[in-house]
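Me: Let's talk about the empty space inside this one. Can you walk me through it?

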Amino acid sequence: MRAPLRILIAAASCAVFAAGAMAGEAVKECRGSDMLAEMATKDAATHDKIVAEAAKLENASALLFKVEKSGVAPSYLFGTIHLSDTRVSTVPSKAAEAFNTAKALVLEVADLSPNAMTAAMIGGGADTLVYSDGRSLSGELTPDEFAKVKDLMHASGMPGELAGVIRPWLVSTLLSVSDCERAQTAAGKPVLDMHLAQMAKARGIPVLGLETIQEQLAAMSGVPEDQQIQMLKVGLKYTDRTDDLMETMLQFYLKRQMGAAIPFQLALAEKAGVPAAAFEGFQKKLLVDRNVKMLAGAKPIFDKGGAFIAVGGLHLPGKTGLVALLREAGYTVTPAE
């Protein structure tokens with residue numbers, strides 16, 4: 001890989017975690033407005049549609065499940081949210097009790113450190129991260145949209161030339177994290193998953209991973225390119241509400257309303273003039289397909305018993321979620337909170 005391209009990729013990966021503050025700098029708590037609650041008064045029809053769609057999704061009202069199989073100690077499946085907010089970094093009492101009985105912690109990825117992400121991005125292939133065939137993101141966006149991408153690069157402390165060659169999924173990843181959240185992680189506050197890893201280290205139990213960072217990057221970059229562009233356009237439409245979008249997702253998590261996450265996103269897309277079909281690849285690559293792979297990795301661990309498996313909360317609900325897949329595989333899975 002050419003050195004300049006390697007530097008650009010490293011800059012992109014570091015920015016996901018560290019832009020917005022110097023390590024160790026004191027930062028404020030991140031807060032925003034709950035956009036679903038806002039809709040209840042400003043757009044009741046959309047609000048009611050989201051709530052109705054959320055109510056249809058099975059296994060969406062709990063984040064901690066007991067997983068049992070005859071002859072072995074029970075294990076637990078816990079849904080996380082990848083944020084550093086203090087409202088989630090304190091593990092709920094029932095989940096903490098389950099964790100304290102575990103012989104091993106299993107995360108999506110065992111090592112979530114910025115160094116690990118940077119190494120994975122550099123080693124994972126340039127084509128998944130940047131255009132290397134002469135194309136430019138500027139040719140896929142309106143001038144106003146591309147100007148927002150350039151502003152994002154600048155705010156993230158990244159080289160300006162990256163704006164033209166960075167792939168849309170990576171821009172969307174940067175857009176999904178507010179400046180405040182990046183500042184929090186740069187100041188050393190761990191996201192919930194990393195906090196669990198620290199707890200496991202303190203207890204002296206192993207931390208295992210169901211997939212690698214490279215596999216996660218491949219899933220994100222595997223979303224069809226045209227859909228990546230359309231999803232990015234939705235994100236760029238709401239660049240002034242990043243804190244509010246993160247707060248809304250956090251409220252879904254705290255209120256055990258994860259079933260509202262996808263309908264809410266689709267409602268925003270509709271308002272931005274982007275069809276729901278633009279998110280089909282995301283749901284298949286990032287949720288459905290990965291859930292199948294996670295199940296394959298988790299089964300030998302569950303078969304030994306005594307594990308605490310923690311993955312993003314969106315991987316649990318629905319007919320293709322981990323709870324349903326585990327039941328289909330013969331395990332007894334019951335809410336534990």
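Me: Which residues line the second largest cavity?
Reply: This is a predicted model, where local features need pLDDT of at least 70, side-chain atom pairs count only at pLDDT 80 or more, and totals for chains, interfaces and linings use all residues. Residues are numbered from 1 along each chain as its sequence is written, and side-chain values use heavy atoms, with hydrogens and water left out. A cavity is a set of points, on a 1 Å grid over the protein atoms alone, where a 1.4 Å probe fits but cannot get out, and lining residues have an atom within 4 Å of a point. Here the lining is Leu77, Met294, Leu295, Ala298, Phe302, Ile309, Leu322 and Leu326.

Me: Which helix gives the most to that lining of the second largest cavity?
Reply: Helices are DSSP runs of H or I, at least four residues, numbered from the N terminus. Two or more lining residues come from each of helix H16 (280-304) and helix H17 (322-328). The top contributor, with 4 residues, is H16.

Me: How do the residues lining the second largest cavity divide into nonpolar, polar and charged?
Reply: Ala, Val, Leu, Ile, Met, Phe, Trp, Tyr, Cys and Pro count as nonpolar, Asp, Glu, Lys and Arg as charged, and the others, Gly among them, as polar. The split is no polar, no charged and 8 nonpolar.

Me: And what is the split for the largest cavity?
Reply: Its lining includes Arg31, Asp85, Arg87 and Glu181. Helix H14 (residues 242-254) supplies the largest share, 4 residues. The count comes to 4 nonpolar, 2 polar and 6 charged.

Terms used:
1 Å grid on protein atoms, 1.4 Å probe; cavity = no way out; pocket = protein on both sides within 12 Å on 5 of 7 lines; lining within 4 Å.
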